[in-house]
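Thank you all for making time this morning. I would like to walk you through one structure, moving from its strands to its metal site and then to its interior.

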Amino acid sequence: MAPTLKWLEQNDASLIGDLAKLVAVQSISTDGEHQKEIDQSAAVTCDLMRNAGLNNVQVLKTGQSNPYSYGEWLGAPGKPTIFLYAHHDVQPINYVADWKSEPWTLTERDGRLYGRGAADDKGAIVTQLGAISAYLKTKGTLPVNVKMLVEGEEEVGSSNLQGFFVENKERLMSDVIVVCDTGNVEVGMPCVTYSLRGIVALHIEVQSATKPVHSGTAGGMMADAVIALNVILSRLFWNHKKLPVPGLYDKVRKLTGPEKRAFRKLLATDEKLRSDNGILDGVELAIETKSNAHEATWRKPSITVIAQEASSIKGASNQVLPTAQAIVSCRIVPDQEPEEVYEQIKAVLVKDPPWGVKVNVKPAGAVKWWMTDPTGPAFSAAMKALKKGFGAKPVAIGCGGSIGFVGPLAELFGGVPALLLGIEDPLSNAHAPNESLHAGDFRKLTASLTHLFDQIGNLPDGKVK
Ligand code: BES
Ligand code: MN
């Protein structure tokens, strides 16, 4: 192993330079206005794949999808094949003024690398390619086969990904999946994620009249659509109890005793949770009284209003507004059924409309949850690799976010194990201003991936599950 690790140390600046090249491309997928940049980030990713020594490097597409960057190295016949996943698309810059350095210029401050996409998820591309390069540049060979896919539409729900996988099943077929798009509980603490939440989103529109009317004329007489909508949304206030949605918890899988104990051990203090999340003094943590932060965000459903629209503050005028809309997004957990959750929340929203306003609810997208048993040869290999790479004991954790393809892809490949390795940490600010990657963890994850190739390539009898 020594030469590969040494190569990583000697090429550290060049790897960080690769990350800077990727961060410089404004590959925002959420607004449909950066198609050129998304093509460009796919092209830059392909260049980096070629430089690392991957073969058959190309941009792939399906239908109207954004470009996928693909590359492979299949020079280890008889050895397991690892499917590596990351994404090259990013979130927009919504609060421009809050950025302390230019979002598209990778900037190092106090051991962190700042820039949009540095942590979510361009850093992952570079860790994976770093580990591949370390082998190919020093030994000319890898102990495993790799197939690497970097997606361009993860941040908008990966709607073409499953179709793409089915279409390219033979080409992509692998023995183990490695995804670097989740977090570590703490800087320096390597984590393997074994559960993801899903999402059920609903669009609600409230209508009271066919037109806005001067509030001097109609105020006090005409039903206010915005107030009606907010009366309805206020039904979702959980006030430290369970979410007030009948039936919502019926299928929620209980945590086992060992899980409860393991999660509790990883809990941060309330003070740290508040500071990591920027929660204001005097504002309570909204956790259900009998729960804790990890149970609540990893394995319990949650509801958030992610958008609300009626009229803008700028140019506001004295009118009673006739329509108002919102998107209600529910994170779902094992073993909730998305369709059932949709109906349960819809029932709460459409019940007894204030003033009899018209309420129209329709689906706004759904993603399945995923959960696996973090044992077996592939997981042991990952634990050993992370221990070597981080020099710290790895832990198995849950994740409150969603990565919809993991379950379906593992199934498509015939029930193969999926290893979700952390690249973010509590200060990464993914999707938010001042997104950053911890430079030390970036190096440790890259080293861990070289160890992982080694561990998986040398499993007793070659069995990954
Ligand atoms: N990297 C995140 C997933 C994640 C979220 C990991 C929180 C760790 C903590 C991923 O890029 C993401 O944001 N996924 C979306 C999926 C959605 C667009 C279907 C999410 O969770 O909202
Ligand atoms: Mn991501």
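Two strands are taken to pair if DSSP finds at least two bridges between them, and that is the sense in which I will say that one residue stands opposite another. Please keep in mind throughout that this is a predicted model.

With that in hand, let me begin with strand S9, which covers residues 198-207. S9 pairs with strand S13, residues 323-332, in the antiparallel sense over 10 bridges, and within that pairing Ile204 stands opposite Ala326 in S13. S9 is also joined to strand S14, residues 358-367, by 8 bridges, and these two strands again run antiparallel; here Gln207 stands opposite Lys358 in S14. Of the 10 residues in S9, 8 are buried, so the strand is largely enclosed by the rest of the structure.

A second strand to look at is S2, residues 68-73, where 6 of the 6 residues are buried, so that this strand too is largely enclosed by the rest of the structure. If you follow the side chains along S2, Tyr68, Tyr70 and Glu72 point one way, while Ser69, Gly71 and Trp73 point the other way, and all of them are buried. S2 runs antiparallel to strand S1, residues 55-60, to which 4 bridges join it, and in that pairing Val59 stands opposite Ser69. S2 is also joined by 5 bridges to strand S6, residues 145-151, again running antiparallel, and the partner of Glu72 in S6 is Lys147.

Let me turn now to the metal. Which protein atoms are the donors of the manganese ion, ligand 2? They are NE2 of His87, an OD atom of Asp120 and two entries for OD of Asp181, lying 1.9 to 2.8 Å from the ion. Written along the sequence, the spacing of the donor residues is H-x32-D-x60-D. His87 sits in strand S3, residues 81-87, and Asp120 in helix H4, so this pair, 33 residues apart, links distant parts of the chain, and both residues are buried. As for the geometry, there are 6 donor atoms around the manganese ion, and the angles they subtend range from 51 to 163 degrees, which makes the arrangement irregular.

Next, the aromatic residues. A pair of aromatic rings is described by the distance of the centres and the angle of the planes. In this model the count comes to 8 aromatic pairs. In one of them, the rings of Tyr85 and Phe405 have their centres 4.3 Å apart and their planes at 45 degrees, so the pair is tilted. Tyr85 lies in strand S3, whereas Phe405 lies in the loop between strand S16 and helix H14, so the pair ties together parts that are 320 residues apart in sequence. Both Tyr85 and Phe405 are buried. In another pair, the ring centres of Tyr135 and Phe453 are 6.4 Å apart and the planes stand at 45 degrees, so this pair is tilted as well. Tyr135 belongs to helix H4 and Phe453 to helix H15, residues 439-457, and the two are 318 residues apart. Tyr135 is buried, with a relative accessible area of 3%, and Phe453 counts as buried at 0%. There is also an aromatic cluster, made up of Tyr68, Phe83, Tyr85, Phe164, Phe165, Phe405 and Phe413.

That brings me to the interior. The largest nonpolar core has 63 residues, and those that touch the most other members are Ile132, Val146, Leu419, Leu421, Leu452 and Phe453. Helix H4, residues 118-138, gives the most to this core, with 11 residues. Apart from this core lies another, of 30 residues, including Val328, Ile332, Val348 and Leu349. If we set aside its neighbours within four places in sequence, Val146 is in contact with residues including Leu54, Trp73, Ile82, Ile132 and Phe453.

I will finish with Leu449, which is placed in helix H15 and is buried, with a relative accessible area of 0%. Where does Leu449 make its contacts, once residues up to four places away in sequence are left out? It touches Thr127, Gln128, Ala131, Val178, Cys180 and Leu421. Leu449 and Thr127 are 322 residues apart in sequence, yet their C-alpha atoms are 7.6 Å apart in space.

Conventions:
Residues numbered from 1 in each chain as written. Chains lettered and ligands numbered in written order. Predicted model: local features only at pLDDT ≥ 70, side-chain atom pairs only at ≥ 80, totals over all residues. Heavy atoms only, no water. Core = buried A, V, L, I, M, F, W, Y, C linked by side-chain atoms within 4.5 Å. Buried < 20%, exposed > 50% of the residue type's maximum accessible area, 1.4 Å probe, protein only. Contact = heavy atoms within 4.5 Å. Donors = N, O, S within 2.8 Å, 3.2 Å for Na, K, Ca; no water. Tetrahedral: all angles 85-135°; square planar, octahedral: opposite > 155°, others 65-115°. Phe/Tyr/Trp six-rings, centres within 6.5 Å; stacked < 30°, edge-to-face > 60°.
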